[in-house]
Amino acid sequence: MADREALERELEELRERLSREDRLRARREDLSRQAEELRERKAALGEVLAKEEADVDALEGMSLQAILQTVLGRKEERLEQERREAVAARLRYQDACRALEDVEARYLETAGQLDQLRLDRRRYEALLEEKRALLKAEDPALARHILDLEEALSAARAFLKEVDEALSAGRAASWALSRAAGELSSAESWGFYDMLGGGLIATAVKHGHIDDARQAAGEAQVLLSRFRTELSDVQVSARLTLDMGELATFFDYVFDDFFSDWVVQSRIQDAQAGVSATAGQVDALLARLEGTRADALRRQESLEEELRTLTEGA
């Protein structure tokens, strides 16, 4: 009984400390944004300062500007003005440096507090597991309920992991398709130039983009296959193919110089249409998976909260 009371006391202390976690996380994000803004301001003011100091150096030295100002009889007046501007620029720069140092120090302090809370969170979860084990031993009916929740939570976590893996595979395929589309677009532009008499350089550049598009399309084909496999793991069926046979024929003809430039241009456009259609399919599936992920995450969080509430309140 004494052990149970000590367990409850430590859990309560940890709960109180962890109640600050969301506020500290929001503070850290705000400080991060402030630091980024101040870094940009510091860089901009540093450029202004460098320019103002360069103007002073130019007037103090034997530069053409200094000579002209001396001849015109305005050197000292101009030099004094440049010095004032340089001093003002330095003060603004120093203010920005001090502000940035302050924000960075507070960011590090907040990050340190969050690191400590991460340790508290692990300790808290470990104590909840310990309490859950005690509850199972004390109340068989409650133990059954806890076990059911734990099994459901395990399944929910596993499903969410599968969805994340499918999303990762889909994004990789989308990136490869985007790269292929970009190379084909460049090939099309150079193709038009080639048709207008661009010469050997235009032809070589066009063929370079075509070759890069072929490589990207080949990578996309592999990644589409992986995406399809990952989709099957989350009970989503999809037919995802990029007509590589047509693309391969197209490239073979190009490099054999079998077709005229206008036929090559038509083949490029056909390939663009195929890549675009497949990219559209992938994008639609990714949007569907994002919705599935949101639902799965809500399901996991709901089970975690139910299990936590049951354990904490018992």
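This presentation covers the salt bridges, the largest pocket and the nonpolar cores of one structure, and closes with a single leucine.

Good morning, colleagues. Please keep in mind throughout that what we have before us is a predicted model.

I begin with the salt bridges. The model contains 15 salt bridges, and I shall discuss three of them individually.

The first pair is Arg 123 and Glu 10, whose side chains form a salt bridge with an N to O distance of 2.8 Å. Arg 123 belongs to helix H4, residues 75–138, and Glu 10 to helix H1, residues 2–18, so this salt bridge ties together parts that are 113 residues apart in sequence. Are these two partners buried or exposed? Arg 123 has a relative accessibility of 39% and therefore counts as partly exposed. Glu 10, at 27%, is likewise classed as partly exposed.

The second pair offers a local example. Arg 118 and Asp 115 are joined by a salt bridge at 1.9 Å, N to O. Both residues sit in helix H4, three residues apart, which is about one turn of the helix. Arg 118 is partly exposed, with 38% relative accessibility, and Asp 115 is partly exposed as well, with 40%.

The third pair is Arg 171 with Glu 290, where the closest N and O atoms of the salt bridge are 2.6 Å apart. Here distant parts of the chain are linked: Arg 171 lies in helix H5, residues 140–195, and Glu 290 in helix H8, residues 261–313, with their positions 119 residues apart in sequence. The relative accessible area of Arg 171 is 44%, and this residue is partly exposed; Glu 290, at 36%, is also partly exposed.

Salt bridges may also share partners. In this model, Glu 21, Arg 25 and Arg 121 are joined in this way into one network.

I turn now to the largest pocket. Its volume is about 430 Å³. Which residues are closest to its centre? Of the 17 residues in the lining, they are Arg 121, Glu 125, Arg 157, Glu 304 and Arg 308. Arg 121 thus appears a second time, having been named as a member of the salt-bridge network. Helices H1, H4, H5 and H8 each contribute at least two residues to the lining of this pocket. As for its chemical character, the lining comprises twelve charged residues, five nonpolar residues and no polar ones.

Let us move on to the nonpolar cores. The largest nonpolar core has 26 residues, and those touching the most other members are Leu 177, Leu 184, Phe 227, Leu 231, Ile 268, Val 282 and Leu 289. At least two residues of this core come from each of H5, H8 and helix H6, which spans 199–233. Which helix gives the most? The answer is H5, with nine residues. Another core, of ten residues, lies apart from the one just described, and includes Leu 11, Leu 14, Leu 114 and Leu 128.

Finally, I would draw your attention to Leu 223, which is located in helix H6. Its relative accessible area is 19%; the cut-off for a buried residue is under 20%, so Leu 223 counts as buried. What is Leu 223 in contact with, leaving aside its neighbours within four places in sequence? Its contacts are Ala 169, Ala 172, Ala 173 and Ala 176. In addition, Leu 223 and Gly 170 are separated by 53 residues in sequence, while their C-alpha atoms are 7.7 Å apart in space.

That concludes the presentation. Thank you for your attention.

Methods
Residues numbered from 1 in each chain as written. Predicted model: local features only at pLDDT ≥ 70, side-chain atom pairs only at ≥ 80, totals over all residues. Heavy atoms only, no water. Salt bridge = Lys/Arg side-chain N within 4 Å of Asp/Glu carboxyl O. Helix = DSSP H or I, 4+ residues; strand = E, 2+ residues; numbered from the N terminus. Buried < 20%, exposed > 50% of the residue type's maximum accessible area, 1.4 Å probe, protein only. 1 Å grid on protein atoms, 1.4 Å probe; cavity = no way out; pocket = protein on both sides within 12 Å on 5 of 7 lines; lining within 4 Å. Points joined across faces, edges and corners; volume = space filled by probe spheres on them. Nonpolar A, V, L, I, M, F, W, Y, C, P; charged D, E, K, R; others polar. Core = buried A, V, L, I, M, F, W, Y, C linked by side-chain atoms within 4.5 Å. Contact = heavy atoms within 4.5 Å.
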